[in-house]
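Reader: I'd like a close look at just one part of this protein: a spot where two helices pack against each other. Could you walk me through it?

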Amino acid sequence: MPARILDGTKIASDIRSEVAAEVKTMTSAGVRPGLAVVLAGHNPASEIYVRGKVKACEEVGIYSEQHTPAESATTSELLALIEDLNRRDEIDGILVQLPLPRQVDSKQVLMAVDPAKDVDGFHPVNVGFLSTQRPGLVPCTPAGVIEILKRSNIAIAGQEAVVVGRSDIVGKPAAMLLLNANATVTVCHSKTHDLPAVCRRADILVAAIGRAGMITRDFVKPGATVIDVGMNKVTDAAEFQRLFAGNLRREEAFRTKGSTLAGDVHPEVGEIAGALTPVPGGVGPLTIAMLMYNTVKAAKMRRGNGVGELSRA
Ligand code: NDP
């Protein structure tokens, strides 16, 4: 039986509606959540991401502003900007779009963000809160993975979860969130021996690798839930054929655009998994929805209000 497709676009839209309702209540009480986005230099991909984030703010009613330091900006200029944003009460969230220009010390800039406004959840203080199960700001993409599982009524507690990838922004926080939700968690990486065998133990398999279609059917236990975080631009025709041969819609798009977006999970996994997130339309849309959620959460936490979970569908 083909896998149940977990519709990230629908789940993200539900979260955005819930966030919009919260923003409305807060705004009428005189507290409109605000997000500042720092986009330094000219990176076309970053510009597209930032546009999406600003548009999402508009849709849910969050105040947003963009800061666009020049490509030549120095570390101290960016630090001064961050300090100013840290001080301003109407700014609840600060998002520094990466990558920063080459001459800038990115770590120093990220460390300068007030942890209470760190809506990306990258600051070590928030990493510590996550690992000790204290309230804090959780990285958006891994938080989105958990929302997909919970809102799709997929049990986490007691399940074997395998996360492939150990980056600070996806793999590690995803593993921590699954552990906090009482899964038995294994984290894999490029040095893991016999990766397919380890992955086959998983009831929940999270792929956050950055290699198109690497997770094939021999990595998957029949019936497992597979969450595909990967976003890979495929431009090579042979690679395209390996992944999408016979998919007429993709072939047409590939011919006209010269590229397609592929996850880390090979489409053949859809024949064996119990549930699967598509790419596009799976985890991707959750990332911005959780950024909106984090901005509201930051606004509430900074004012000492109970954080509260979003109501579950
Ligand atoms: P990184 O490159 O930072 O991390 C990749 C991880 O995969 C590393 O831990 C690496 O292991 C591991 N890895 C690489 N090759 C192998 C292999 N052959 N076998 C086992 N493990 C391997 O990537 P990110 O975590 O930033 O992103 C992962 C993917 O998720 C990317 O495709 C990215 O585009 C996507 N992404 C999607 C988002 C969304 O909104 N949907 C948001 C963020 C990322 P090691 O540590 O040993 O090097």
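Author: Sure, and one bit of vocabulary up front: a helix axis here is a line fitted to C-alpha atoms over the stretch in contact, and the angle is taken between N-to-C directions. Keep in mind that this is a predicted model.

Let's place ourselves. The domain assignment gives domain 1 as 30-113 and domain 2 as 140-283, and the centres of domain 1 and domain 2 are 29 Å apart, going by C-alpha atoms.

Now for the pair itself. Helix H6 covers residues 140-151 and helix H7 covers residues 171-180. Their axes come within 8 Å and cross at roughly 40 degrees. Angles under 35 degrees would count as roughly parallel, and 65 to 115 as roughly perpendicular, so H6 and H7 are oblique to each other. As for handedness, the crossing of H6 and H7 is right-handed.

Which residues do the touching? From H6 you have Pro 142, Ala 143, Ile 146 and Leu 149, and they meet Pro 173, Ala 174, Leu 177 and Leu 178 of H7. Sort that contact by class and you get eight nonpolar residues, with no polar and no charged ones.

While you have the model open, have a look at the aromatics too. The count comes to two aromatic pairs. One of them is Phe 240 with Phe 244: the ring centres sit 5.5 Å apart and the planes are at 50 degrees, so this pair is tilted. Both belong to helix H9 (residues 237-244), and because they are four residues apart there, about one helical turn separates Phe 240 from Phe 244.

Technical notes:
Residues numbered from 1 in each chain as written. Predicted model: local features only at pLDDT ≥ 70, side-chain atom pairs only at ≥ 80, totals over all residues. Heavy atoms only, no water. Domains from an automatic or database assignment. Axes fitted to C-alpha atoms, helices over the stretch in contact; angles between N-to-C directions. Helix = DSSP H or I, 4+ residues; strand = E, 2+ residues; numbered from the N terminus. Parallel < 35°, antiparallel > 145°, perpendicular 65-115°, else oblique. Left-handed = near helix turned anticlockwise from the far one by under 90°. Contact = heavy atoms within 4.5 Å. Nonpolar A, V, L, I, M, F, W, Y, C, P; charged D, E, K, R; others polar. Phe/Tyr/Trp six-rings, centres within 6.5 Å; stacked < 30°, edge-to-face > 60°.
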